[in-house]
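Grab a pencil and keep the viewer open. Below are some short exercises, each with a worked solution to check yourself against.

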Amino acid sequence: IAETGEAVLVSGDRSQIGRLVANLVDNAVKYADPETDINIELTSRNGQATLRVANTGPRIPAAMAKNV
């Protein structure tokens with residue numbers, strides 16, 4: 001776990017944002033091998049928040065990625 005100490009403010013429905021984050025993390029865990037790392041990163045740049053959730057497992061095949 002690495003923290004920068006900088007706050008990132010996000011406006012929106014707290015419940016919906018919570019569901020979104022939970023779904024992204026759940027999918028990263030569900031579709032990864034047991035020993036795979038899950039990386040969660042929240043950054044802010046020029047007033048724009050970016051949330052990135054990724055695992056280090058195999059990528060989604062290109063033919064399926066358009067449906068994700």
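**Exercise 1.** Is Thr-36 buried or exposed?

*Solution.* Keep in mind that this is a predicted model.
- Step 1: find the residue. Thr-36 sits in the loop between H1 and E1.
- Step 2: check the cut-off. Buried means under 20% relative accessible area.
- Step 3: compare. Thr-36 has 17% relative accessibility, so it counts as buried.
- Step 4: look at the surroundings. Setting aside neighbours within four places in sequence, Thr-36 is in contact with Asn-55, Thr-56 and Gly-57.

**Exercise 2.** Work out where the predictor is most and least confident in the protein chain.

*Solution.*
- Step 1: take the whole chain. Its mean pLDDT is 85, and 93% of its residues reach 70 or more.
- Step 2: go element by element. Confidence is highest in helix H1 (residues 14-30), at a mean of 92.
- Step 3: look for the other end of the scale. Helix H2 (residues 62-65) has the lowest confidence, with a mean of 81.

**Exercise 3.** Describe how strands E1 and E2 are joined.

*Solution.*
- Step 1: place the strands. E1 covers residues 38-45 and E2 covers residues 48-55.
- Step 2: get the direction and the links. The two strands run antiparallel, and eight bridges join them.
- Step 3: pick out some partners. Arg-45 has Gln-48 in E2 as its bridge partner, while Thr-43 stands opposite Thr-50 in E2.
- Step 4: look at what lies between the strands. E1 and E2 form a hairpin, with two residues between them.

**Exercise 4.** What is unusual about the phi angle of Asn-46, given that it is not a glycine?

*Solution.*
- Step 1: recall the general rule. Most residues other than glycine have a negative phi.
- Step 2: read the angle. Asn-46 has a positive phi of about 55°, although it is not a glycine.
- Step 3: place the residue. Asn-46 lies in the loop between E1 and E2.
- Step 4: check how open it is. With a relative accessible area of 80%, Asn-46 is exposed.

**Exercise 5.** Look around Thr-50: which residues is it in contact with, leaving aside its neighbours within four places in sequence?

*Solution.*
- Step 1: Thr-50 belongs to strand E2.
- Step 2: its contacts, with those neighbours left out, are Glu-41, Leu-42 and Thr-43.
- Step 3: Thr-50 has a relative accessible area of 35%, so it is partly exposed.
- Step 4: now try a distance. Thr-50 and Val-8 are 42 residues apart in sequence, yet 9.4 Å apart in space, C-alpha to C-alpha.
- Step 5: try another pair. Asp-13 and Lys-30 are 17 residues apart in sequence and 25 Å apart in space, again C-alpha to C-alpha.

**Exercise 6.** How many salt bridges does the structure hold?

*Solution.*
- Step 1: start with the idea. Side chains of opposite charge can pair when their charged atoms come close.
- Step 2: count. The structure holds two salt bridges.
- Step 3: take the pair in the helix. The side chains of Lys-30 and Asp-26 meet at 3.8 Å, N to O. These two are four residues apart in helix H1, so about one helical turn separates them. Asp-26 counts as partly exposed because its relative accessibility is 39%.
- Step 4: take the pair in the strands. Glu-41 and Arg-52 meet through their side chains at 3.9 Å, N to O. Glu-41 is in strand E1 and Arg-52 is in strand E2, so this salt bridge ties together parts that are 11 residues apart in sequence.
- Step 5: compare the two ends with the cut-offs. Arg-52 is exposed, with 51%, whereas Glu-41 is partly exposed, with 38%.

**Exercise 7.** Which residues make the nonpolar surface patch of about 500 Å²?

*Solution.*
- Step 1: list the members. They are Val-10, Leu-20, Leu-24, Ile-40, Leu-42 and Leu-51.
- Step 2: sort them by element. H1 and E1 each supply at least two residues of the patch, and Leu-51 is found in strand E2.
- Step 3: check one member. Leu-51 has 32% relative accessibility, so it counts as partly exposed.

Terms used. Residues are numbered from 1 along each chain as its sequence is written. Side-chain values use heavy atoms; hydrogens and water are left out. Two strands pair if DSSP finds at least two bridges between them. pLDDT is the predictor's confidence in each residue, from 0 to 100. Patches are made of residues with over 30% relative accessible area and no salt bridge: like charges are joined within 9 Å, nonpolar side chains (Val, Leu, Ile, Met, Phe, Trp, Tyr) within 5 Å. Accessible areas come from the Shrake-Rupley method with a 1.4 Å probe; for residues, only the protein chains shown count as cover. A salt bridge is a side-chain nitrogen of Lys or Arg within 4 Å of a carboxyl oxygen of Asp or Glu. Buried means under 20% relative accessible area, exposed over 50%, partly exposed in between (1.4 Å probe, protein chains only). Contact means heavy atoms within 4.5 Å.
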